[in-house]
Amino acid sequence: MRGLDGFLAECDRGPRINELKDFFAATAAGQNGMPIRKPAVDSRLLPSDELLRGLVGLHAARQGFFDQHYHGSIPYRLEEECRMAYAILKYARYREAPLSLYSLGTAEGTMARTLSELSGGRIRSLSCSPNAENYKCFMAYGEPPAAEFFVGPFHRLTKDVLSSDVRLAKFASGFDFILEDTTFQMYSPNRVKQIEFVAQHLKEGGIFLFVEKFRAADENDYKRRERQKDFGFKTRYFPQDEIEKKKDAVLKTMFNNEVTLKEMFDAAGARFNHCVMTWNSGNFCSLAASNNSQNLNMYLSQMADPAIPNEYVYEPGLYQATADYTAALQQR
């Protein structure tokens with residue numbers, strides 16, 4: 001990657017590990033930002049399926065402090081995480097070899113660990129976070145045999161680190177899936193370089209998943225969606241004064257590093273031939289990108305419908321896998 005030193009220096013200056021580090025450390029330790037009740041999946045919005053029920057149950061049992069804060073903050077993000085995990089779990093069943101997943105910056109790595117446990121090791125995962133507090137939550141239920149954790153920011157997990165660490169060397173050949181979960185927006189708006197750096201770890205034909213908060217084309221739309229999130233959802237879990245406090249302490253800083261959907265698609269298009277939106281909740285969206293259309297379609301075809309009330313969906317063009325492709329997969 002050209003200009004690596006400059007990119008690493010840019011990331012080192014990022015708010016996530018500087019002015020916001022105390023917020024993330026305290027929240028990851030359960031000392032700050034805890035919801036008044038633990039968020040739970042609304043099972044009415046997801047398919048009635050034994051495999052999915054098992055996934056939802058184990059995911060709930062493995063959540064740490066930061067996940068509870070996170071899932072109480074974004075409307076129906078918990079349902080979406082289970083929906084994504086369910087699709088990856090089913091995708092893995094069509095493969096002969098084990099599948100590898102890198103979940104970067106995702107707090108205590110609940111989703112990745114859940115997939116490794118539930119798949120019996122057929123999904124080998126690596127999570128990363130700059131906070132040792134998140135690693136403590138990751139290890140609270142014992143050391144999972146197929147899930148690893150790197151304590152450090154995503155830009156310090158280089159190929160050299162992967163290949164030289166005895167625990168991580170098994171991932172040196174790359175990952176089948178990479179999930180970036182509201183991580184890039186905590187460092188800078190430089191999506192082109194961020195994607196270029198992390199995509200070095202993606203196998204040929206692999207799938208890059210993004211979950212981010214985006215600026216709207218109309219600033220008033222952005223504000224309206226924020227109000228809906230704050231008053232229509234977050235008040236279920238947080239007192240109003242805490243919601244306002246977080247706006248001042250975190251969200252204003254994060255806003256400076258958000259990009260528009262068009263900018264994100266342009267950045268993804270510099271590296272991938274295919275990129276689609278799979279979920280929208282207010283100002284948040286999920287995207288899936290790959291250079292292999294068959295692998296991408298296989299993943300998309302395993303996804304259940306978005307588990308979110310229509311009033312939170314604003315962006316058109318959510319991908320729906322074709323019935324023909326789904327039927328073909330089921331005949332394999």
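So, how much space lies in the second largest pocket? About 200 Å³, and I'll come back to what lines that pocket.

Some housekeeping. This is a predicted model, where local features need pLDDT of at least 70 and side-chain atom pairs count only at pLDDT 80 or more, while totals for chains, interfaces and linings use all residues. Residues are numbered from 1 along each chain as its sequence is written, and side-chain values use heavy atoms, with hydrogens and water left out.

Now the terms. On a 1 Å grid over the protein atoms alone, a cavity is a set of points where a 1.4 Å probe fits but cannot get out. A pocket is an open set with protein on both sides within 12 Å along at least five of seven lines, and lining residues have an atom within 4 Å of a point. Points are joined across faces, edges and corners, and a volume is the space filled by probe spheres set on them. Helices (H or I, at least four residues) and strands (E, at least two) are DSSP runs, numbered from the N terminus.

Okay, pockets. The largest has a volume of about 310 Å³. Its lining splits into three nonpolar, no polar and nine charged residues; here Ala, Val, Leu, Ile, Met, Phe, Trp, Tyr, Cys and Pro count as nonpolar, Asp, Glu, Lys and Arg as charged, and the others, Gly among them, as polar. Among the residues lining this pocket are Lys-213, Glu-219, Arg-227, Asp-248 and Phe-255. α10 (219–232) and α11 (240–255) each supply at least two of the lining residues, and α10 gives the most, six.

Back to the second largest pocket. There, α11 has the largest share of the lining, with five residues. The lining includes Phe-23, His-69, Lys-234 and Glu-242, and by class it has four nonpolar, three polar and four charged residues.

On to the enclosed spaces: there are two cavities of 30 Å³ or more. The largest has a volume of about 470 Å³. Of the 39 residues lining that cavity, Phe-24, Phe-66, Tyr-70, Thr-182 and Met-186 are the closest to its centre. Helices α2 (21–28) and α4 (65–71) and strand β4 (175–181) are among the elements that each supply at least two lining residues. By class, we get 18 nonpolar, 13 polar and eight charged.

Last one. The second largest cavity has a volume of about 40 Å³, and α10 gives the most to its lining, with four residues. Pro-75, Arg-225, Asn-283 and Tyr-312 are among the residues lining this cavity.
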